[in-house]
Amino acid sequence: MANPDGGVSVKGHITHVIFDMDGLLLDTEKFYTEVQEIILARFNKTFDWSLKAKMMGKKAIEAARIFVEETGIGNSLTAEQFLVERESMLQSLFPTSELMPGASRLIKHLHAKGIPICLATGSHKRHFELKTQRHSELFSLMHHVVLGDDPDVKKGKPSPDVFLAAAKRFEGGPVNPQKILVFEDAPSGVLGAKNAGTSVVMVPDPRLDSSLHKDADQVLNSLLDFKPSEWGLPPFDTPTS
Ligand SMILES: O=P(O)(O)OC[C@@H](O)CO
Ligand SMILES: [Mg+2]
């Protein structure tokens, strides 16, 4: 559980780290929000953060079904049609993806200290490639990447599938989930990681209702605020650690 002051109540000796991608390492959630607002405007409806919270972190088709059902537009637009409609807009936005604050510093630090790191995202391969094309050097530091369309990921977050597949593929895996720390921004992702038995640091968008932080072991405003030593990980070399 998260402490109100953002402190750690569950300390563990972490040896491996799993990163979420969208909204955690890359500032891509804003693209989904933008295109969903455009589509809903056609139906004279508005997109809000309670719906956003239900969609984020999920596989594309799962999020699409939630979108058409919750907004009540399902009779006019199917989940499949919604995905087609948003695709051309997303394809032009994704290559402009930028890193979230502190993402590069943390990935490079853990890699330099020999901590095995990997990625576990709901994004499928085609979108992953578009989003990371300007950041291939950084993402190449990941030991492996598990994508939403991976055959081992039968169900998207909050199912533990993507995290269990990620834990299995580390050198000498499967790694004991108690030794793994997951970084997530989405409520479904935090729950998926807990369902896999790992510890979770949540870095939520400030617009997300704080009641949705409750399953995380630690809640931070930014990756820049992460203190590796609180989790038994090597500290940053700079004084800011
Ligand atoms: O699991 P992440 O990397 O957040 O990706 C999910 C994404 O498809 C949008 O929410
Ligand atoms: Mg995410």
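**Sheet, core and domain contacts in the predicted model**

In this predicted model, strand β5, which spans residues 199-202, is paired with β6 in the parallel sense, and two bridges join the pair. Within β6, V219 serves as the bridge partner of M202. These two strands belong to an open sheet of six strands, whose order is β3-β2-β1-β4-β5-β6 and whose pairing is parallel. The edges of the sheet are formed by β3 (144-146) and β6 (218-219), each of which has a single partner strand, so that one side of each is left without a neighbour in the sheet.

Helix α8 lies across four strands of this sheet, namely β1 (16-19), β2 (117-120), β3 and β4 (180-184), and it runs at about 155° to β2.

The largest nonpolar core of the model comprises 55 residues, and those with the most contacts inside it are I18, F19, V146, F163 and A166. Helix α8 (residues 161-168) provides the largest share of this core, with six residues. Because domain 1 (16-27 + 99-230) and domain 2 (29-96) both give residues to the core, it lies between them. In soluble globular proteins, nonpolar side chains tend to be buried together. When residues up to four places away in sequence are not counted, F19 touches L24, L25, I117, L119 and F183.

The two domains were then considered as units. According to the domain assignment, domain 1 consists of two segments, 16-27 and 99-230, whereas domain 2 covers 29-96. The centres of domain 1 and domain 2, taken over C-alpha atoms, are separated by 23 Å. Contact between the domains involves 22 residues of domain 1 and 13 residues of domain 2. On the side of domain 1 that touches domain 2, α6 and α9 (187-195) each supply at least two residues.

Helix α6, which extends over residues 125-132, was examined further with respect to burial, and its buried residues are H127, F128, K131 and T132. Seen down the axis of α6, these buried residues fall within an arc of 115°, and they therefore line one face of the helix. An α-helix has 3.6 residues a turn, so residues three or four places apart point the same way. Among the elements that cover the buried residues of α6 is α7 (136-139).

How values were computed: Residues are numbered from 1 along each chain as its sequence is written. Chains are lettered from A and ligands numbered from 1 in the order in which they are written. This is a predicted model: local features need pLDDT of at least 70, side-chain atom pairs count only at pLDDT 80 or more; totals for chains, interfaces and linings use all residues. A nonpolar core is a set of buried Ala, Val, Leu, Ile, Met, Phe, Trp, Tyr and Cys residues joined through C-beta atoms within 7 Å. A residue is buried if 20 or more other C-beta atoms lie within 10 Å of its own, exposed if 12 or fewer, and partly exposed in between; C-beta atoms are placed from the backbone. Domain bounds come from an automatic or database domain assignment. Two residues are in contact if their C-beta atoms, placed from the backbone, lie within 7 Å. Two strands pair if DSSP finds at least two bridges between them. Axes are lines fitted to C-alpha atoms, for helices over the stretch in contact, and angles run from 0 to 180 degrees between N-to-C directions. The arc is that of the directions from the helix axis to the C-beta atoms.
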